[in-house]
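Subject: Structure handover and notes

Dear colleague,

I am passing on the structure we spoke about, and below it you will find my notes. Please read them with the structure open beside you.

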Amino acid sequence: MSVVFDNATLNSGTASGANFSYTTGSSSNRFMVLEILVNNSITASSVTYNGVACSLVDSTNTGAGGQAMHLFYLINPDSGTNNVVVTTSDTSSWEGMVATYSSSAQMAPEASAKANTQSSPVTATVTTISDNAWVVGMFRNTTGTFSAGANTVLRGGATGINIADTNGDQTPPGSHDLNISFNGGGVCGWIAISLAPAAQVLTMQADSGAYVLTGNSVILGRSRRMIASVGSYILTGIDATFRLVGWTNQSKNSSSFTNSSKSASSWVNDHKN
Amino acid sequence: MATYVKFEPFVEAIAEKKHNLGSDQLTVALTNSAPSVAFSQLSQLTQITYTNLSSRDITTVTSAQTSGTYKLILQDLTLSATGSCGPFRYVVIYNNTATNDDLISYYDYGSNVILSNGDSFVIDFDASAGFLTIA
């Protein structure tokens with residue numbers, strides 16, 4: 001996921017507690033950067049947006065005799081149009097510039113750097129930690145108008161004050177630059193931070209897979225009958241039983257016996273008679 | 001929804017008891033090369049490097065049949081990156097217990113995914129229809 005620029009505007013106040021309105025977009029994972037400039041002799045003691053206190057990243061100044069610079073941030077600022085209220089240590093005037101981003105990690109800036117008394121051109125280098133981070137910086141010079149160099153986009157601003165960012169993912173993590181030049185001589189101070197992108201959550205809806213086991217199936221309807229035939233097995237063979245049965249006189253004298261056979265010597269007496 | 005694509009050898013592997021879907025450890029593999037449906041085992045894939053990625057093991061919720069239809073239900077899996085990971089496009093499910101890490105199926109996410117530190121990739125299995133059914 002990449003950080004996305006939302007909005008930026010420049011305002012000024014003439015007294016402590018003065019406010020100005022600022023409109024924040026409704027995209028998710030919002031992050032607000034506030035640049036407050038005051039005289040070197042005073043401090044910006046607090047900054048709120050829609051009543052929520054902003055946190056200080058760091059402070060510096062443009063150089064000897066220049067202005068104090070304070071960079072604040074607010075995680076997930078309320079969307080819509082709300083007031084920025086700047087409270088300073090006295091009634092001196094101040095300038096403020098606000099920029100908002102979305103799809104930013106909901107945490108304090110992961111890295112920051114600062115410098116002052118810089119002559120044009122200025123290279124503001126921050127060592128980023130996350131893949132696809134953006135570098136965002138506030139710049140203040142004493143005399144001239146800023147112009148953007150390589151890898152840098154200015155977000156409005158005015159003579160001597162601006163917020164710039166890389167307007168693109170800085171990968172891999174490491175040293176990444178904002179490049180600014182300005183005219184009119186003088187010196188410049190800057191504070192820059194690294195904004196990590198919001199973590200992305202990708203979801204893949206996994207479809208279900210279906211397997212079908214198929215085979216042959218025979219169903220007999222009610223009207224059908226399966227008639228199982230009777231199996232028959234025939235065992236064949238000779239079964240001869242001889243019995244010793246006494247001959248009756250009738251049978252002995254049966255005419256079926258021939259005389260020769262009847263008188264044959266093969267007949268034993270007890271059978272023959 | 002990502003379509004379930006069958007590795008063809010899976011049906012033979014399950015018939016020849018290479019899989020015990022009720023107890024084996026199913027795991028996710030990620031690749032940026034479209035797998036062939038003829039692939040049968042993990043070694044045939046060109047996988048990405050998992051150094052910055054959380055565990056890819058899937059938890060089995062239920063493995064049971066009802067009225068003759070078997071259903072395997074898997075728990076959604078969230079892959080969390082602790083650094084750059086990818087790119088990948090294809091999400092492969094394989095059996096990490098089987099001897100040859102036999103392949104089961106894969107999904108095509110539809111575009112390349114690169115995860116950065118803190119990013120997550122959620123595989124949302126169908127808790128109702130199941131990961132797969134056999135009827």
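In chain A, strand β12 (residues 134–141) and strand β17 (residues 188–195) run antiparallel and are joined by eight bridges. If you would like one place to find this pairing on the screen, look for A:V135, which stands opposite A:S194 in β17(A). Please keep in mind throughout that this is a predicted model.

These two strands belong to an open sheet of five strands in chain A, arranged in the order β10-β17-β12-β15-β14 with antiparallel pairing. The edges of the sheet are β10 (111–118) and β14 (153–154) of chain A, each of which pairs on one side only. As a general reminder, the strands of a sheet pair through backbone hydrogen bonds, and they may do so in a parallel or an antiparallel way.

For the wider setting, chain A holds three helices and 19 strands, and of its 273 residues 40% are buried. Among the contacts in chain A between residues at least 6 apart in sequence, 79% join residues that are at least 24 apart.

Next come the salt bridges, of which the rule counts four over all chains. In one of them, the side chains of A:D58 and A:K114 meet at 3.0 Å, N to O. A:D58 lies in strand β6 (residues 55–61) of chain A and A:K114 lies in strand β10 of chain A, so this pair ties together parts that are 56 residues apart in sequence. A:D58 is partly exposed, with a relative accessible area of 23%, and A:K114 also counts as partly exposed, at 40% relative accessibility.

Another salt bridge links A:R140 with A:E95, where the closest N and O atoms are 3.6 Å apart. Because A:R140 lies in strand β12 of chain A and A:E95 in strand β9 (residues 94–102) of chain A, the pair ties together parts that are 45 residues apart in sequence. Here A:R140 is buried, with a relative accessible area of 14%, whereas A:E95 is partly exposed, with 23%.

In chain B, a salt bridge forms between B:R89 and B:D108, with the closest N and O atoms 2.7 Å apart. B:R89 lies in strand β6 of chain B and B:D108 in strand β7 of chain B, so the pair ties together parts 19 residues apart in sequence. B:R89 is partly exposed, with a relative accessible area of 25%, and B:D108 is partly exposed, with 28%.

Now to the place where the chains meet: how many residues of chain B are in contact with chain A? There are 32 residues of chain B in contact with 18 residues of chain A, and the area buried between the two chains is about 2,200 Å², of which carbon and sulfur atoms give 54%. Between chain B and chain A the count of salt bridges is zero, although the rule finds 22 residue pairs in polar contact across the interface, with both residues at pLDDT 80 or more. On the side of chain B that touches chain A, at least two residues each come from α1 (9–15), β7 (103–115), β8 (120–125) and β9 (132–134) of chain B. By class, that side has 21 nonpolar, seven polar and four charged residues.

Strands of the two chains also pair with each other. Strand β18 (residues 201–206) of chain A runs parallel to β8(B) and is joined to it by six bridges, with A:Q205 standing opposite B:D124. Strand β19 (residues 209–211) of chain A pairs with β9(B), again in the parallel sense, over three bridges, and there A:G209 stands opposite B:L132.

β8(B) also has a partner within chain B, since four bridges join it to strand β5 (residues 77–80) of chain B, and these two run antiparallel; B:T78 has B:V122 as its bridge partner. Why can β8(B) be called largely enclosed by the rest of the structure? The reason is that six of its six residues are buried. B:S120, B:V122 and B:D124 point one way from the strand, while B:F121, B:I123 and B:F125 point the other way, and all are buried.

Lastly, B:A98 is found in the loop between β6 (85–95) and β7 of chain B, and B:A98 is buried, with a relative accessible area of 6%. The C-alpha atoms of B:A98 and B:H19 are separated by 6.5 Å, although these residues are 79 apart along the chain.

With best wishes

Note on methods: Residues are numbered from 1 along each chain as its sequence is written. Chains are lettered from A and ligands numbered from 1 in the order in which they are written. This is a predicted model: local features need pLDDT of at least 70, side-chain atom pairs count only at pLDDT 80 or more; totals for chains, interfaces and linings use all residues. Side-chain values use heavy atoms; hydrogens and water are left out. Contact means heavy atoms within 4.5 Å. Buried area is the accessible area (1.4 Å probe) that two parts lose on being put together, summed over both. A polar contact is a pair of N or O atoms within 3.5 Å; within protein, one must be able to donate a hydrogen and the other to accept it, and residues adjacent in sequence count only if both atoms are side-chain atoms. Ala, Val, Leu, Ile, Met, Phe, Trp, Tyr, Cys and Pro count as nonpolar, Asp, Glu, Lys and Arg as charged, and the others, Gly among them, as polar. Two strands pair if DSSP finds at least two bridges between them. Buried means under 20% relative accessible area, exposed over 50%, partly exposed in between (1.4 Å probe, protein chains only).
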